[in-house]
Amino acid sequence: MTERDHTEGVRTDGGEAQTDGGETDGGAGLPANVPPDDQTPTWHDRKARTQGLSRLTYEYFERARYEDQVLRQESDYVERDVLAFPTWPHETIRNLAITSFFLGMMFFVSAALPPHLPDPADPANTPPVILPDWYLYWSFGLLHLDPINPNLAILGGDKLVSDRVYGVLANLVVVGFIAMVPFLNKGSARRPVEEPFWGALGVAGVVFAITIAIVPIQNIVAEFIDIMTINLLFALSFILPVVAFFIAYAVLKTMQEGYMYELNKRYYRLRPPR
Amino acid sequence: MADEFIKGLAILTGSGMVWFTVAAWYRTEGFGGTQLIAPRPEEDLGTYGEALLVIGDIALYFALIGAITFWVLVPAFREGRRAWEERQRAD
C-alpha cells in the first residue's frame with residue numbers, strides 16, 4: 001500500500017484532492033504541491049516503518065486510516081476532526097487482551113503465592129508499632145507536627161491550639177493546596193520539562209510525602225542510622241523537599257531548551273501544519 | 001527508543017516474576033521473617049527444587065542485566081555513536 005493509493009480522489013476538506021506531490025501539473029516543471037524539505041519523511045523514518053513493531057503499528061494505523069477513508073467515500077456523512085477507532089473490533093479486542101493479561105496475572109499470583117493469613121487480632125495485646133495503611137503514612141506524619149506547633153508569648157507560652165488540632169489543620173492545609181493545584185495550573189503541559197516550576201513542585205511534593213511519612217517512626221529510624229538524631233530527622237523532613245525542588249527545577253530548566261527544540265522538530269515533521 | 005523501553009520492561013517484569021515466585025517458595029522464612037532473600041533451605045529439595053533455585057538465580061540476573069542493557073547500555077552506545085559520527089562530520 002503506497003501513500004498514493006488512498007490519497008487519490010479522496011476529498012476530505014471540500015477542496016482539491018491532496019497529493020503527495022508526486023505528479024506534475026501539466027508540464028509546468030514543478031509538482032503542484034511540493035512539501036518543504038523538513039516535512040518529507042527522512043530515509044530513517046521510512047526504514048523505521050519496514051520492520052518489527054514499528055511496521056506493525058504503522059500498518060495498523062494505515063489500515064485504520066484507509067478503512068476510515070473508504071467509509072467516508074462511501075457515505076455522505078459530514079467530515080469531523082476526530083481521530084478514533086471503532087469500538088468493535090479494535091477497542092474490544094484490545095480491551096479483551098488487557099483484561100486477559102491481568103486476569104492471568106491474578107490467577108497466577110494467587111495460585112502460586114497464596115497470601116499470608118495472619119492470626120486474629122489479640123485485643124489484650126497492643127503491638128509496639130502502630131501505623132495506618134501505607135498510603136496514609138503522609139497524613140499520619142502530618143498528625144505528628146507537635147515540635148512546630150508554636151508556643152505563643154502572647155498567651156504566656158501556651159499553644160493556641162492543641163497538638164491534635166494542629167495536626168488536623170496541617171492535613172487540611174495540605175489537602176486544600178492539592179485541591180487548588182488544578183485551578184492554579186490548567187495542565188496544558190504534556191511533560192515536566194515544558195513547565196519546570198510545576199514539575200519541580202511535584203517532585204518536592206513527592207519527596208515531602210516520603211519525608212513526612214518518616215516523622216511518626218523517626219525514633220526507630222534514628223536508631224538504625226548513627227549520625228541521625230530525632231531533631232535532625234525532623235528538620236530534614238522539611239529541608240529535603242526544598243532541596244529536591246531546587247535540584248529538579250535546575251535540571252528541568254537546563255533540559256528545557258534542547259528538549260523543546262527536539263520536540264518541535266519531531267512534531268512538525270510528523271504532523272505538518274495545514 | 002520506545003521499543004528499547006518495552007524490551008527492558010518486558011524482561012524486567014517477566015523474568016522478575018519468575019525470580020519472585022521461586023524466591024517466595026524457597027527463599028522466604030515466613031511472613032514475619034526474611035522474605036525473598038533468606039538463605040536457601042538446609043533440607044534436600046530434590047532435583048526439581050535444585051533446578052528451580054538455579055532458574056531463580058538466572059532469572060534475577062537476566063532481569064537486572066536485561067533491563068540495564070536496554071535502558072542504559074544500548075541508548076548510551078547509540079548516543080555515543082551518534083556523537084562520534086557528528087564529530088566526524090564536523091571535521
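**Exercise 1.** Classify B:Ile58 by its C-beta neighbours, and place this residue relative to B:Trp19.

*Solution.* The count comes before the class: B:Ile58 has 14 C-beta neighbours inside 10 Å and therefore counts as partly exposed. The scale behind this calls a residue buried if 20 or more other C-beta atoms lie within 10 Å of its own, exposed if 12 or fewer do, and partly exposed in between, with the C-beta atoms placed from the backbone. B:Ile58 belongs to helix α2 of chain B, where helices are DSSP runs of H or I with at least four residues, strands are runs of E with at least two, and numbering starts from the N terminus. Finally, the C-alpha atoms of B:Ile58 and B:Trp19 are separated by 8.1 Å, although these positions lie 39 residues apart along the chain as a sequence separation.

The model is predicted, and local features need pLDDT of at least 70, side-chain atom pairs count only at pLDDT 80 or more, and totals for chains, interfaces and linings use all residues. Residues are numbered from 1 along each chain as its sequence is written, while chains are lettered from A and ligands numbered from 1 in the order in which they are written.

**Exercise 2.** Describe how helices α1 and α2 of chain B pack against each other.

*Solution.* The secondary structure of chain B consists of two helices and zero strands. Helix α1 of chain B spans residues 2–26 and helix α2 of chain B spans residues 46–90; their axes are 8 Å apart and form an angle of about 155°. These axes are lines fitted to C-alpha atoms, for helices over the stretch in contact, and the angles run from 0 to 180 degrees between N-to-C directions. It follows that α1(B) and α2(B) are roughly antiparallel, because angles over 145 degrees carry that label, whereas those under 35 count as roughly parallel, 65 to 115 as roughly perpendicular, and the rest as oblique. The crossing of α1(B) with α2(B) is left-handed, a term used if the near helix is turned anticlockwise from the far one by less than a right angle, the clockwise case being right-handed. By class, this contact of α1(B) with α2(B) holds 20 nonpolar, six polar and two charged residues; here Ala, Val, Leu, Ile, Met, Phe, Trp, Tyr, Cys and Pro count as nonpolar, Asp, Glu, Lys and Arg as charged, and the others, Gly among them, as polar.

**Exercise 3.** Identify which helices of chain A each supply at least two residues of the largest nonpolar core.

*Solution.* A nonpolar core is a set of buried Ala, Val, Leu, Ile, Met, Phe, Trp, Tyr and Cys residues joined through C-beta atoms within 7 Å. The largest such core has 12 residues, including A:Leu142, A:Phe208, A:Phe234 and A:Leu252. Helices α6 (196–214) and α8 (230–270) of chain A each supply at least two of its residues, and the largest share, six residues, comes from α6(A). A second, separate core of six residues includes B:Val22, B:Ala23, B:Ala59 and B:Ala63. As a general background, nonpolar side chains tend to be buried together in soluble globular proteins.

**Exercise 4.** Find the unusual backbone features at A:Pro89 and B:Leu36.

*Solution.* Most residues other than glycine have a negative phi, and most peptide bonds are trans. A:Trp88 and A:Pro89, however, are joined by a cis peptide bond with omega of about 0°, and A:Pro89 lies in helix α3 (residues 87–112) of chain A. B:Leu36 is not a glycine, yet has a positive phi of about 70°; this residue sits in the loop between α1 and α2 of chain B. With 14 C-beta neighbours inside 10 Å, B:Leu36 counts as partly exposed.

**Exercise 5.** State how many residues of each chain are in contact across the interface, and then characterise chain A as a whole.

*Solution.* Four residues of chain B are in contact with six residues of chain A, contact being defined by C-beta atoms, placed from the backbone, that lie within 7 Å. The side of chain B that touches chain A has two nonpolar, one polar and one charged residues. Chain A itself has eight helices and two strands, which run α-α-α-α-β-β-α-α-α-α from the N terminus on. Of its 274 residues, 8% count as buried, while in chain B, with 91 residues, buried ones make up 11%. In chain A, A:Glu194 and A:Met260 are 66 residues apart in sequence and 7.4 Å apart in space, C-alpha to C-alpha.

How values were computed
Contact = placed C-beta atoms within 7 Å.
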